[in-house]
Amino acid sequence: MSNEPIALGKALASFDALWSPRIVTRVNDYDVRIAKVQGEHIWHVHDDTDEFFLVLDGELYISLREHDGERTVRLSQGAVFTVPRGTEHKPYAPSGAAILMFEPTGTLTVGDRHDEVPDHVDSTTGHPLDA
């Protein structure tokens with residue numbers, strides 16, 4: 001990890017892969033990850049951790065399956081949302097988006113339980129930014 005400031009725009013321009021987050025820095029035992037997204041991710045659950053999203057550009061939707069039913073939140077540029085641990089969710093971005101996520105180091109992008117992982121979704125704990 002760099003101990004220099006990181007320009008997120010430049011970092012996002014350094015890769016093209018969708019649904020394949022890059023780790024830009026760490027805070028204690030948490031990764032700060034950025035990703036380019038378009039289309040649909042998969043339904044998945046993080047059993048032991050919340051998942052924080054910040055939309056840097058574009059628009060992200062997150063469908064949630066909660067105790068009282070299913071709902072979808074819409075996040076425009078600059079919006080934040082935290083998916084509570086244990087909540088089944090599916091992010092999607094019909095027109096594409098750039099996002100920042102904050103989650104414990106080692107957290108899989110497809111959670112602890114998930115639907116079948118399609119080829120366009122990278123099942124990873126994050127890639128180094130310079131990779």
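**Notebook: cores and two positive phi angles**

I began with the largest nonpolar core, which has 17 residues. The members that touch the most others are V37, F53, L60, I62, L75, F81 and I99. I note here that the model is predicted.

Next I looked up which strands feed this core. I found at least two residues each from β2 (30-40), β4 (51-66), β5 (69-76), β6 (80-83) and β7 (88-104). The most come from β4, which gives five residues.

I then picked V37 and listed its contacts, leaving out residues up to four places away in sequence. V37 touches L18, W19, L60, A93, G96, A97 and I99. Of these partners, L60 and I99 are also on my list of core members with the most contacts.

I also found a second core, separate from the one above. This second core has eight residues, among them A11, L12, F15 and V32.

W19, one of the contacts of V37, was my next stop. I placed W19 in the loop between α1 (8-13) and β1 (22-27). Its phi is positive, about 50°, although W19 is not a glycine. Is W19 buried or exposed? I read a relative accessible area of 5% for W19, so this residue is buried.

Last, I checked N28. This residue sits in the loop between β1 and β2. N28 is not a glycine either, and I noted a positive phi near 55°. Is N28 buried or exposed? N28 has a relative accessible area of 73%, so I entered it as exposed.

My closing entry pairs the two loop residues: W19 is buried, whereas N28 is exposed.

How values were computed
Residues numbered from 1 in each chain as written. Predicted model: local features only at pLDDT ≥ 70, side-chain atom pairs only at ≥ 80, totals over all residues. Heavy atoms only, no water. Core = buried A, V, L, I, M, F, W, Y, C linked by side-chain atoms within 4.5 Å. Buried < 20%, exposed > 50% of the residue type's maximum accessible area, 1.4 Å probe, protein only. Helix = DSSP H or I, 4+ residues; strand = E, 2+ residues; numbered from the N terminus. Contact = heavy atoms within 4.5 Å.
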